[in-house]
Each structure stands twice: as C-alpha cells, then as structure tokens.
Amino acid sequence: MESDIRWLDDPQTFRVGQLPAHSDHRFYQHYHEIDAHDSSLSQSLNGQWRFHYAPNPQARLKDFWAADFDTSDFDTIDVPGHIELAGYAKLHYINTMYPWEGHHFRRPAHTVGQDTSGAGMFSTAEDNPVGQYVTDFTLAPEFANKAVTIQFAGVEQAMYLWLNGHFLGYAEDSFTPSEFDLTPYLQAGSNRLAVEVFKRSTAAYLEDQDFFRFFGIFRDVTLLAKPAAHIEDLHIQPTLADDLQSGVVRLDLQFSPVTPDATVRAIIRDDEGQTLLDTTQPVAASQTITSDTLVHVHLWDHRHPYLYQLYLEVRDGQGQLLEIVPYQFGFRKIEIDAERVIRLNDQRLIINGVNRHEWDDERGRAITEADMFHDMHTMKTNHINAVRTCHYPDQIPWYYLCDENGIYMMAETNLESHGTWQKMGAVEPSYNVPGSVPEWRDVVLDRAKTNYEVFKNHTAILFWSLGNESYAGDNIAAMNHYFKTVDPTRLVHYEGVVHDRAYEERISDVESRMYAHPDDIVKYLSNHPKKPFLLCEYMHDMGNSLGGMQAYMDLIDRFPQYAGGFIWDFIDQAIAITDPVTGQHVLRYGGDFDDRPADYEFSGDGLLFADRTPKPALQEVRCYYGRYDK
C-alpha cells in the first residue's frame, strides 16, 4: 500500500488502513495494575518527538518517513500539543466562516456541479501547512510475542503513518481514536515511527467548529500489546424491567486474536463487593454472556450515580491469566412518555447543563486529567448536572468521570459545517455539506459510528448528538437512523432541523433550538408539541452577561415538556501570553494574533476565564440551577 496526497481532496477517502472502531475499555495483565492505572500492556509514546514544519505540501520533505532518513537537523516538539502553540504556523480563531474566506476561493467537492471533484484543493494548496513527526521507540519487554497496535487519541486534521519505512494508513476525524496494526513491520530493538499531519483536508468542511483552528498530534499516543486472546470489543447492555426494580446484564464480546482452549470469566459485583454474576465460558470470536435476573437493582442518576463493577478475566488453556478488563456500568432508563416529557427512571429529567469545549489557556485543547478533575469539581459545586461535548467527542477519561459523578452527557459527533450554509448570518445552503450529497454520506456515517462504538458503554450518555449547526438533509437523517438502529435505549438530538422542517419526522427525538426567546418556547409548548423542548445552547455568556436566566428557569415549572438546556459555554477560549510591552501574564482572544478573518473576543463566552478563574456569572448559575438540583 502506498500513500496518496490526493486523499486530502477526496471526501470519500477518510479511513485507510485503520482498525475498526471499538469500545474504549482498558485492559491489564495483573489486578494490581488496575488500582495503579498503569497497564503493562500499554506503552506511552508521549514526549519529545523530532519535528519538521513546512508551510505547504510543496515545501515538505518528501521522504522523511524513510527508515534511514537523517533527522539530525529537525526541531523537537511536545506530543501531545498543538503545532501553533509550539511557535509554528499562525494562531487563528474563527467562528462560522472558514479560515480561508477572503484569501482563497473554495467550495466543497461535488456540491456546485458534476465536475467539481476538488482535485488539488488541499493537496497543492499554498495555505495548507504540514507537520512531519519522527520518533524512535523500543518495545517494553512485556510486549514480546504479542500483537501490537498504536492508538492516536486525537490528531488534527489529516494524518499519514509509517513504521520503519512502511506505509500503514491514513486518518481523518480529529477527535476520535485512530488505531493501526504495527505487528507486521515491527523489528527487534529500535523502531522508527513517522507521522505527517496536514492542517487541511476535506475534513475541514466538517470541522468548522467555533474554536481556534489548530493542527498536530494533540492527544495521547499509545502502544497497545494484545495477548493471544484479547477482547477487541465489549458491549455492556444493562436492561431494566418495566418495574425498574430488577434487571438483566448482557455482555457482547468480540475477540481478536483467539487462542485455542482460552476461557473468559465474567464477574459482576455491586459497590459493596457482593458477587452478582460469576461465570466462565470458552472464548469464541464472537460471544454473548447474559446474567440471571438481578433483583433490587440500584438505579443510576445525577444524585445517586450507582455503578456496578464488571471484571472480565481471559486465560489461556493452561489457566494463565492473559488480560483483565474492568468496567463500571449502571442501570438507568431514558425515554419520552406519551405526554412528550423526557423521563429518566420514570422521573422527569431536568437538565442544568453547560456546553464544554476542551480548553486550557496554555495547552489549548491538549488538556490534562487535572483539567478534567477541576472542571468536574466546578460542575458539582455549582449544581451543573449535564454536559454537551461541544462539538466533538472529548478525551476518553472525561466519559468515565461523568459516569462516576452522575453528570448527564449529550455525546456529540464530530460534525459542524456551519460555513457551507450560513453566510454572513444569512441561511443560504447552496453548497451545504453533508446535506444530501451522496459523496459526503459515508464520511459522516463513519463519524457517527465511531462516536457510538467507542463510547457505547458509558451510563452517563443519555443523548447521542448528530453534530452541530450543519443544516439538514438526507445524510444527517441517515445518521439519525443509524443511532436509532444500533441503540434504541438512548435519545438522539440534533438542532439544525429547525432550518428545514421537511426533516422534522426523520431527525431528532427532541425539539432543539439555540437561544430561543422564552416567548418562543411558550408558543411551541402551548400548541400541542410534537416533541419535548430542549435548548442545546442558551444564555450566551459573553462579557458580563447571563442576565434574564430566571425567565428560562420559570418555564420548568410551567411546562413538563420543557427539559431545560445547556448554557453556552463553560470556559473561555483564550491563550496566555507574556505581553511584550508590559511583561505581564495576560489572556489573549481571537484577533489578538493578527488572525483574519476572526471573530475576535467571541471566543470568550464561558462561565470561567480560560485560566479556570470563575466569572461572576457562575454565581447566577449556582443560584438558579440549585433550585432544581434536588
């Protein structure tokens, strides 16, 4: 297999050589590793990599990936991290427009005529910088005689991968894991890994989120060793009986590889350590384990995030432990009743929510677990009970934290194509993607599938979201159909259907709007509403704002069909710098880096400043949300 730079121009090429998406379960070789959160079957490649920057594809080093290429004159760069924050390329914040507007004329491939293939649009573009990464590694001793894969947790925006001079694959979708098999080309001793990252590809049309436009390897890079029998995918399905008092747990397992005579033991315990299931079965490539009926089950919700503990032990034919998979799960039931009221465990669901970009004032979107713990503490102490992962999947540890802390999740697919249908505030979808354009269908379905497959086991997820501000069309309707087919136990959300009511019956279980006036909500809910009403964005917290929140909170008492909403947003997007004139440590927003076009201080609309200092508005949130956090 050979790499092809023309894939950057083709919306139908977005996944080459990647392993299929699978559940985000962790696996360990010994029980003591679980408590330490340190698996001997995992090896981090985070750290300093050698790095070469090129301003465009024409200026890149053509054979930098060769096993014997001399990289002695390369710079070094931190992985994970953003290339712009390392001092290369230009910092640029933009909201709805594409960053090249006013500089280069572009239209999405296949949208403005039969012959608009997009050839050369990004592969020969002068404004498409390239980061070329190289690192050498030696496998840990525990990896001997095991299949080895590499997982990139997040790379913006398009990446090519080589090992020891052999091309392995290509990936887009910046915010979900991309995994590749290294096994065929590994060698004893040192191995050379090369990654080429392009800032722009056709994925740029689908990742037009309201944020700084970074690129590079900005999340963890990890080697994974897979023993002779390995759980490749795990699907935990806890199902409650109608009385919400008892339930059954179904486990669907996929193994790869499978060694003869291997066994898998499934153990389920409650939080007091009582064993509810303990069964051992022979390993098969695909198998199902179902518990007996569990009585007097504890329900999971925001106030009581009760989780059961699952352990899966895989052993070879001699009884030797090969791997252990731990996972916590809860019982809960989300539904819409006949009166169009959203109910969780038969109780009305009220969302005291926020939208949350991943952000740190020094690291950008390359946040740490310490940042996540801080954010979770802020939410818990200010009566915030729900989060929308705007507008992309978050780092995996955040989902586990939401499970453990009872934070309801709207898990958003990595999709926003705002600039293809809204121009200078006007709704004008003449070249909207994905729309109903056939060539853009598979890529958005793949993004939906990856979002589902990776995060399907998280109890905290109550809604799958199809993305943000991408208008409507047959392709988004197909995403909705996909989620309803694979997961009827959760609700599906999408806001953009408000712009094309022809899709109202095919897209979204809820009437979702942004910044609707309270009177508009009253009008909808007073006229035989077809769906519950939810504000996916409201109370835009720019500057000294958030006034008038009571008008929205009063609707909760008036209309059971009103489910509340998600404040825009949780934290400012600003970057800490040392001011060259005053020498002071200051925060800078969009437009402060001579970035044009820009939406300037529009990047600062959070309840927290970018350094996580609370704004006064957070006091109002705590007051009003506290009324319904009981």
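# Reading a predicted fold, feature by feature

Mentor: Let us start with one residue: Tyr600 is partly exposed, since its relative accessible area is 36%. Please keep in mind that the model is predicted.

Trainee: How do I read that figure, and where along the chain is Tyr600 found?

Mentor: A residue counts as buried under 20% relative accessible area and as exposed over 50%, so Tyr600, at 36%, is placed in between. Tyr600 is found in the loop between strand 37 (585-588) and helix 9. Look at its backbone too: Tyr600 is not a glycine, yet its phi is positive, about 55 degrees.

Trainee: Which other residue has a positive phi although it is not a glycine?

Mentor: Met424, with a phi of about 50 degrees. Met424 is found in the loop that connects strand 29 (422-423) with strand 30 (426-427).

Trainee: Is Met424 buried or exposed?

Mentor: Met424 counts as exposed because its relative accessibility is 76%.

Trainee: Let me step back. How many helices and strands does the chain have?

Mentor: There are nine helices and 37 strands. For the overall shape, compare the radius of gyration with the value for a compact globule: with 630 residues that would be near 25 Å, and the chain has 24 Å, which agrees. Taken along the principal axes, the C-alpha atoms fill a box of roughly 70 × 65 × 55 Å.

Trainee: What share of the residues counts as buried?

Mentor: Of the 630 residues, 61% do. The accessible surface comes to about 23700 Å², and carbon and sulfur atoms account for 48% of that surface. Contacts add to the picture: among those with a separation of 6 or more, 74% are between residues 24 or more positions apart.

Trainee: And how far apart are the mean positions of the positive and negative charges?

Mentor: They are 4 Å apart, taken over 52 positive and 94 negative charges.

Trainee: Now the strands. How do I read a sheet, and what is the order of the open sheet of three strands?

Mentor: Follow which strand pairs with which: the order is 23-24-25, and the pairing is antiparallel. Strand 23 (334-336) and strand 25 (347-348) are the edge strands, as each pairs on one side only. Strand 23 is joined to strand 24 (residues 342-344) by three bridges, and Ile336 stands opposite Ile342 there.

Trainee: How many bridges pair strand 21 with strand 22?

Mentor: Eight, in the antiparallel sense. One residue to find is Tyr311, whose bridge partner in strand 22 is Pro326. The hairpin of these two strands has five residues between them, and Gly319 in this hairpin takes a positive phi near 85 degrees. Strand 22 (residues 321-329) has eight of its nine residues buried, so it is largely enclosed by the rest of the structure.

Trainee: What about a helix? Which residues of helix 9 are buried?

Mentor: First the general idea: an α-helix has 3.6 residues a turn, so residues three or four places apart point the same way. In helix 9 (residues 617-626) the buried residues are Ala617, Leu618, Val621, Tyr624, Tyr625 and Gly626. Their cover includes helix 3 (369-381), helix 8 (549-558), strand 26 (351-355), strand 34 (533-538) and strand 35 (562-567).

Trainee: Peptide bonds next. Which residue is joined to Pro80 by a cis peptide bond?

Mentor: Val79 is, and omega is about 5 degrees. Pro80 is found in the loop between strand 4 (75-79) and strand 5 (93-94). Another cis bond joins Glu156 and Gln157, where omega is also about 5 degrees; Gln157 has its place in the loop between strand 8 (155-156) and strand 9 (158-163).

Trainee: Can we finish with contacts? Which residues is Glu504 in contact with, leaving aside its neighbours within four places in sequence?

Mentor: Val497, Glu511, Lys530 and Lys531. Glu504 is placed in the loop between strand 32 (491-493) and strand 33 (511-514), and its relative accessible area of 12% is why it counts as buried.

Trainee: And what does Ile5 contact, with the neighbours within four places again left aside?

Mentor: Pro57, Arg60, Ser123, Tyr160 and Phe198. Ile5 is in the segment before strand 1 (15-16) and is partly exposed, with a relative accessible area of 23%.

Note on methods: Residues are numbered from 1 along each chain as its sequence is written. This is a predicted model: local features need pLDDT of at least 70, side-chain atom pairs count only at pLDDT 80 or more; totals for chains, interfaces and linings use all residues. Side-chain values use heavy atoms; hydrogens and water are left out. Helices (H or I, at least four residues) and strands (E, at least two) are DSSP runs, numbered from the N terminus. The radius of gyration is taken over C-alpha atoms; the globule rule is 2.2 Å times the number of residues to the power 0.38. Buried means under 20% relative accessible area, exposed over 50%, partly exposed in between (1.4 Å probe, protein chains only). Contact means heavy atoms within 4.5 Å. Accessible areas come from the Shrake-Rupley method with a 1.4 Å probe; for residues, only the protein chains shown count as cover. Lys and Arg count as positive and Asp and Glu as negative; His and the chain ends are not counted. The place of a charge is taken as NZ of Lys, CZ of Arg, CG of Asp or CD of Glu. Two strands pair if DSSP finds at least two bridges between them.
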